[in-house]
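Please open the model in your viewer and keep the sequence panel beside it, since this tour moves from one selection to the next. At each stop, make the selection first and then read what is there.

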Amino acid sequence: MEVVAVRRGAVRSVVMAGLLVLLGGLGSGVGNARAGAGPEADVAYHGRVALDGSRLRLLLVPENEGPSALANATVRLRLSADLANRQELAEGCARAGLREVVCETGELPLHGRGRHIGLVLRLMEPAAEVVVRVDTWWNGGATDRNHANNEHVVLALDTGDTYAF
């Protein structure tokens with residue numbers, strides 16, 4: 001039998017991830033509601049990513065081009081490298097796996113922005129490059145017909161340079 005020490009932050013992350021699952025379901029495609037099944041909203045993400053050794057800095061701004069406002073959505077960030085065991089995540093964010101973090105966007109008003117999400121993620125070990133995939137994990141059951149602005153793949157090289165998307 002293996003004994004694992006659990007820290008308060010890890011418990012909070014597990015609880016938050018569980019709440020997100022209850023609210024939004026699991027897996028990719030959850031945010032892809034059938035046409036006519038709910039409101040329609042065009043969620044978009046813009047941001048910057050920079051890699052410096054084992055530290056990945058990310059700033060993300062969610063937006064909504066409408067035609068309906070959304071009470072909340074969840075953005076998923078998937079990395080090509082393992083995250084360190086301990087993370088200091090922004091409020092509203094939770095770890096969803098070895099290489100995944102999910103964050104709530106807050107209210108997305110029509111033709112408006114959600115809350116700015118700033119993260120400094122520690123990697124398990126330094127990496128020469130990291131691929132960051134950004135997409136919508138849950139969007140309140142809204143239909144989003146334009147995935148070109150909410151699904152991004154960004155390659156960040158270990159230069160400290162900032163890559164915009």
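## The disulfide

Begin by selecting cysteine 93 and cysteine 103, which are joined by a disulfide with a sulfur-to-sulfur distance of 2.0 Å; please keep in mind throughout that this is a predicted model. Cysteine 93 belongs to strand E4 (residues 93-95) and cysteine 103 to strand E5 (residues 100-104), so the link ties together parts that are ten residues apart in sequence. A disulfide is a covalent bond between the sulfur atoms of two cysteines. If you turn the view to look along the bond, the link of cysteine 93 and cysteine 103 is right-handed, with 115° about the S-S bond. A search of the whole structure finds one disulfide, which makes this stop a convenient landmark.

Are these two cysteines buried or exposed? Cysteine 93 is buried, with a relative accessible area of 4%, and cysteine 103 is buried as well, at 0% relative accessibility.

## The strands around it

Now show E4 and E5 as ribbons, and you will see that they pair in the antiparallel sense over three bridges, while a hairpin of four residues joins E4 to E5. Within this pairing, cysteine 93 stands opposite cysteine 103 in E5.

Add strand E3 (74-79) to the selection, because the next pairing involves that strand: E3 and E5 pair in the antiparallel sense over five bridges. To find one place where they meet, select leucine 77, whose bridge partner in E5 is valine 101.

## The whole chain

Step back and display the whole protein chain, which has one helix and ten strands. Reading along the sequence, you meet the helix and then the strands, in the pattern α-β-β-β-β-β-β-β-β-β-β. Of the 165 residues in the protein chain, 42% are buried. Among contacts between residues at least 6 apart in sequence, 73% join residues at least 24 apart. If you switch on a surface, the protein chain exposes about 8900 Å², and carbon and sulfur atoms supply 52% of that area.

## The nonpolar core

Next, select Leu56, Leu119 and Val130, which touch the most other members of the largest nonpolar core, a group of 32 residues. Several strands each supply at least two residues of this core, among them strand E2 (55-67), strand E7 (117-122) and strand E8 (129-138). The largest share, five residues, comes from E1. In soluble globular proteins, nonpolar side chains tend to be buried together.

Which residues does leucine 56 touch, beyond those up to four places away in sequence? Its contacts include Val49, Ala50, Leu51, Leu79, Leu119, Val130 and Ala156.

## A buried loop residue

Select threonine 105, which lies in the loop between E5 and strand E6 (112-113). Although it sits in a loop, threonine 105 is buried, with a relative accessible area of 0%. Leaving aside neighbours within four places in sequence, threonine 105 is in contact with Tyr45, Pro62, Asn72, Ala73, Val75, Gly114 and Arg115.

## Salt bridges

For the last stops, turn to charged side chains: a search of the whole structure finds six salt bridges. Side chains of opposite charge can pair when their charged atoms come close.

Select arginine 113 and glutamate 63, which form a salt bridge with their closest N and O atoms 3.2 Å apart. Arginine 113 lies in strand E6 and glutamate 63 in strand E2, so the pair ties together parts that are 50 residues apart in sequence. Arginine 113 is exposed, at 53% relative accessibility, whereas glutamate 63 is buried, at 14%.

Then select arginine 78 and aspartate 135, whose side chains meet in a salt bridge of 3.3 Å from N to O. Because arginine 78 lies in strand E3 and aspartate 135 in strand E8, this pair ties together parts that are 57 residues apart in sequence. Arginine 78 is partly exposed, at 28% relative accessibility, and aspartate 135 is buried, with a relative accessible area of 9%. Adding Arg76 to the selection shows a network, since Arg76, Arg78 and Asp135 are linked by salt bridges.

Finish with arginine 55 and aspartate 52, which form a salt bridge with the closest N and O atoms 3.9 Å apart. Arginine 55 is partly exposed, with a relative accessible area of 36%, and aspartate 52 is partly exposed too, at 42% relative accessibility.

Methods
Residues are numbered from 1 along each chain as its sequence is written. This is a predicted model: local features need pLDDT of at least 70, side-chain atom pairs count only at pLDDT 80 or more; totals for chains, interfaces and linings use all residues. Side-chain values use heavy atoms; hydrogens and water are left out. Buried means under 20% relative accessible area, exposed over 50%, partly exposed in between (1.4 Å probe, protein chains only). Contact means heavy atoms within 4.5 Å. Accessible areas come from the Shrake-Rupley method with a 1.4 Å probe; for residues, only the protein chains shown count as cover. A disulfide is a pair of cysteine sulfur atoms within 2.5 Å. A nonpolar core is a set of buried Ala, Val, Leu, Ile, Met, Phe, Trp, Tyr and Cys residues joined through side-chain atoms within 4.5 Å. A salt bridge is a side-chain nitrogen of Lys or Arg within 4 Å of a carboxyl oxygen of Asp or Glu. Two strands pair if DSSP finds at least two bridges between them.
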